[in-house]
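Here's an informal walk through one protein chain, from the overall picture down to a few local details. Have a look at the model first, then read on.

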Amino acid sequence: MENRIYYSELECYKQARQSLLRSIGKGDFIDLSALPTKTMREEYRQYFLHRGFRVSLNTIKHEKSYFNQVCMAIQLRRKVTDSFRDWEHIKWIQLLEMWMLQNGVPLYREVKNVTGKISRVDAPAIQFLKNFLLFLYFEDEQPEQEKDIWRLAKLDIPIKENPIYKTHTLNFTGIQQSGIREEVKRAIYQHLRYEKLGTVKRELTSLRQFSRYLQEKQIQIQSCSEIDRQLLEDYLTYKATNGSSGHSNSDDILKLRAVVETVGNIFGYQNLEKLFINTDIPPEVQPEFRAYSDVELKRLNAQITKLDVQIARCMVIHQMLGTRISDTLTLRRDCLSKRNGLDIIRIQQVKSRTYEKPISVDLAALIQKAISYSIEHYGESDYIFVDDKDTSRPLQYATIKYRILVLIHEEKLCDDEGKPFTFSSHMFRRSYGVKLTELHLDDWTIAKLLGHKNVRAVKHYRKMSNQLLADETRRARAEQTRILFKNLDGWGEDYEQIRQND
């Protein structure tokens, strides 16, 4: 078999600029001979052919250097397997990291997002190797449930996902203990049958955290059956003292409990049935809610109108409806109707139920314009706000968030405290709820307009309204004073001085 793969074999070669082809010159191939086995060379050949359909030739040129680093890392081992499939994903990553440390190559690089925040991500060579291993996992013919990375589209069960977030895979490689990983796969597959995908993803996160703890503390267990009460209490203490938030800890432990107990049921590990007790779940710390002021909303909206017209319509409609962002982005083209002369909108909440409420003529007209735009630009689709890359899906939350954050950064938009705006779409819903309380609507009406099943959440909106609190306090004090003065009538001249001094 040829130990070279020439750039001319790749699909991206046909679209490459002549200037790039001239600069490549004689180095117009990738040398596969540095790999020790025939199988490995064929695996990388197939990967580069696959990449040729998806990236530019310039990208392939850069990846050639990362490939060479992988080959040099493999040479650290005297004996290697015949195929990259024969080792676990993490072992190949660790081998490359060892070579990089020995040769002074950084394991991470720093990147700056649109808000200026700096974060660390994998070095390009590590990301290159991870992408290659993912490709191998996907090409493997073994049943999807047996793989360490599942493609959701290949599972034989319907997935309950939030359409505004794209999730293609579930990755189990972060669970280091192979026995625990296999047990968790069985539990997660069962949970996917009746839980929403977002819940399952958080369950996987909780297991990855637990696995890292076992690795960090060098606790040598390979099965959930080995988890005892003492180990769990040690982990709970660790979680309570590592500086994470109360809400996060509470959710993590709940999700860990759900998976571990399912593992116990599947495999008959009776010790897991009563492993957790109710007091293990830390109390949730209610976060301090904040809503935008009228001045802040006006300042922000003045800039939002400069965005793409459909994005701007989306954000204005979102604020006027007071919905969750998932409910706004999944509005259907047939959501408007007329009833007794009123414009009615039907909102299909992703998280719960469908409800209807009346809206103003102006808002109905704005939504109708958005519908007309969607039909003209995207043709057949269920949604008003459509994803450019996949018109069968609604506009993605990540797209909205990125556009707004770029706008905030470029226009240097700040809140009333002089701090740069953060994008939390739920703050628009909170502002809407606060306005309803300031209109002195009763709790049931507010709950219905917000789409809540009951009135329990309304108290949070009432607490958030500083203006309402001030007004109500003034009225209470005035009434208190009136009653007091009435009680002072007839008490003589000494008490009249109180009335005069007030």
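Accessible areas here come from the Shrake-Rupley method with a 1.4 Å probe. On that basis the chain exposes about 28200 Å², and carbon and sulfur atoms supply 49% of that area. Keep in mind that this is a predicted model.

## The chain as a whole

What does the secondary structure come to? It adds up to 19 helices and nine strands. The chain has 502 residues, and 43% of them count as buried.

As for contacts, take those with a separation of 6 or more: residues 24 or more positions apart account for 62% of them.

## The cavity

How many cavities of 30 Å³ or more turn up in a search of the whole structure? The search finds one, and about 40 Å³ of space lies in this largest cavity. Its lining is made up of Val70, Ala73, Ile74, Phe84, Trp92, Leu95, Leu96 and Leu129. Two elements give two or more residues each to that lining: helix 3 (57-74) and helix 4 (89-102).

If you're wondering about the chemistry of the wall, the lining residues divide into eight nonpolar, no polar and no charged. As a general aside, rolling a probe the size of a water molecule over the atoms shows where empty space is left.

## Cysteines

A disulfide is a covalent bond between the sulfur atoms of two cysteines. To be counted here, a pair of cysteine sulfur atoms has to lie within 2.5 Å. By this rule the count comes to zero disulfides.

Buried or exposed: where does Cys71 fall? Cys71 is buried, with a relative accessible area of 1%. Cys314 counts as buried too, at 0% relative accessibility. The cut-off for buried is under 20% relative accessible area, so Cys71 qualifies at 1%.

## Two positive phi angles

Most residues other than glycine have a negative phi. Against that background, here are two residues to check in your viewer.

Gln218 has a phi near 55°, a positive value in a residue other than glycine. Gln218 is found in the loop between helix 7 (197-216) and helix 8 (229-241). With a relative accessible area of 64%, Gln218 is exposed.

Then there's Lys412, whose phi is positive at about 55° although Lys412 is not a glycine. Where is Lys412 found? Look in the loop between helix 14 (397-411) and helix 15 (426-438). Exposed means over 50% relative accessible area, so Lys412 makes the cut at 68%.

Definitions and conventions:
Residues numbered from 1 in each chain as written. Predicted model: local features only at pLDDT ≥ 70, side-chain atom pairs only at ≥ 80, totals over all residues. Heavy atoms only, no water. Buried < 20%, exposed > 50% of the residue type's maximum accessible area, 1.4 Å probe, protein only. 1 Å grid on protein atoms, 1.4 Å probe; cavity = no way out; pocket = protein on both sides within 12 Å on 5 of 7 lines; lining within 4 Å. Points joined across faces, edges and corners; volume = space filled by probe spheres on them. Helix = DSSP H or I, 4+ residues; strand = E, 2+ residues; numbered from the N terminus. Nonpolar A, V, L, I, M, F, W, Y, C, P; charged D, E, K, R; others polar. Contact = heavy atoms within 4.5 Å.
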